[in-house]
Amino acid sequence: MHDFFFYLFSALTVLTALLVVLCPNAVNSAVFMIVSFVGTAALFLLLDAFFLAILQVLVYAGAVMVLFLFIIMLLDVERSSRVRPDVVTVVAASVAVLLLAFGMGYLFLTGHDATAATMAAVPQVPGGANPMEYATASRAFGYGLFTKYMLPFQVAGFLLLVAMVGVIVLSKRLTGSNEAGKPSAQEIRESEVSQS
Amino acid sequence: MSTVGLNAYLFVAGLLFALGFFGVLLRRNTLVIYMCMELMLNAVNLALVAFSRFNRTMDGNLFVFFIITVAAAEVAVGLAIIVALYRKRRTVQVEELNALSN
């Protein structure tokens, strides 16, 4: 049963990720992206990471992709998004991805197994940096966040604050310089183009 | 018990990462490039959770928590930058954003 769900959801995730890349329409890409994130959340469930699965659906499929869809709608990019990528781009991207796939296939087919035995052979670091005990309950998350990862947790909170302030500053309309009669960089460019 | 091991999950994660990479190189729309970057972050999350599950340690799971936090902050700031860029240049295609190239 586990196997069946693994194959189902990994196929779903990978196929929708492929459609994200290949869809010419940005809105379609975003919607396929949501499906891909939900598929990943299902894979997290199969890996016993229940809390992360919920977080994935709430944060990624919920907040982040709604933000993306909102911006796509706001910017009205559809009229200019039909530009076909040129041949050099397609060839370069395909070569890069084929190299990546070749390296991955080489690793997996030549039996470089990352089994639990080889991973357990990693030496333990002295001084409290040893790995934490595994648990599936979300209680273990809270415990880890408030003991071993206290400093990164605080830094993450501060990062969110910085991001919030930064977004507010960025989205404020900077009308001061334009209303004072000074042309913006875009207008200077356009006047140069029209003169030449 | 299931026969799906760590390698299968890592293969899926690598495939997702490769697809995100492909999208970043191939697509010309800044918003779609951004989405493909999220795809790559997501692939790394999957690999970390798989390692954490099969290695019986909690640290990978906690790391994913931080990656999700940073990715959310990054999306907010990045989309604000894209909106500011669109206001200035009226385009989100990377071909037309070539002010530094000549």
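Analyst: A residue is buried if 20 or more other C-beta atoms lie within 10 Å of its own, exposed if 12 or fewer, and partly exposed in between, with C-beta atoms placed from the backbone. A nonpolar core is a set of buried Ala, Val, Leu, Ile, Met, Phe, Trp, Tyr and Cys residues joined through C-beta atoms within 7 Å. This is a predicted model, in which local features need pLDDT of at least 70 and side-chain atom pairs count only at pLDDT 80 or more, while totals for chains, interfaces and linings use all residues. Residues are numbered from 1 along each chain as its sequence is written, and chains are lettered from A and ligands numbered from 1 in the order in which they are written.

User: Which helix gives the most residues to the largest nonpolar core?

Analyst: The largest nonpolar core has 63 residues, and B:Leu31, B:Met35 and B:Leu46 are among those with the most contacts inside it. Helices α1, α2 and α3 of chain A and α1 (6–26), α2 and α3 of chain B each supply at least two of its residues; helices are DSSP runs of H or I with at least four residues, strands are runs of E with at least two, and both are numbered from the N terminus. With 14 residues, the helix that gives the most is α2(B).

User: How many residues of chain B are in contact with chain A?

Analyst: Two residues are in contact if their C-beta atoms, placed from the backbone, lie within 7 Å. By this count, 71 residues of chain A meet residues of chain B, and the number in chain B is 65.

User: How many residues on the side of chain A that touches chain B are nonpolar?

Analyst: Ala, Val, Leu, Ile, Met, Phe, Trp, Tyr, Cys and Pro count as nonpolar, Asp, Glu, Lys and Arg as charged, and the others, Gly among them, as polar. On this side of chain A, 13 residues are polar, four are charged, and the nonpolar ones number 54.

User: How many helices are there in chain A?

Analyst: Chain A has 196 residues, of which 22% are buried. It has zero strands, and its helices number nine.

User: At which residue does α3(A) bend?

Analyst: The helix α3(A) has 26 residues and reaches 36 Å from its first C-alpha to its last. That is close to the 38 Å expected at 1.5 Å a residue, where the expected span is 1.5 Å times one less than the number of residues. A bend is the angle between axes fitted to the seven residues ending at a residue and the seven starting there. In α3(A) the angle is about 30°, at A:Met65.

User: Which helices of chain B help to cover the buried residues of α3(A)?

Analyst: The buried residues of α3(A) include A:Leu52, A:Tyr60, A:Met65 and A:Phe68. Their cover includes α2 of chain A and, from chain B, α2 (30–55) and α3 (59–89).

User: Is B:Leu19 buried or exposed?

Analyst: B:Leu19 is in helix α1 of chain B. Beyond its neighbours within four places in sequence, B:Leu19 is in contact with A:Ala17, A:Leu18, A:Val21 and B:Leu39. Because it has 27 C-beta neighbours inside 10 Å, B:Leu19 counts as buried.

User: What is the phi of A:Asp48?

Analyst: Most residues other than glycine have a negative phi. A:Asp48 lies in the loop between α2 and α3 of chain A, and is partly exposed, with 15 other C-beta atoms within 10 Å. Its phi is positive, near 65°.

User: Is B:Arg90 buried or exposed?

Analyst: B:Arg90 lies in the segment after α3 of chain B and has a positive phi of about 60°, although it is not a glycine. Because it has 11 C-beta neighbours inside 10 Å, B:Arg90 counts as exposed.
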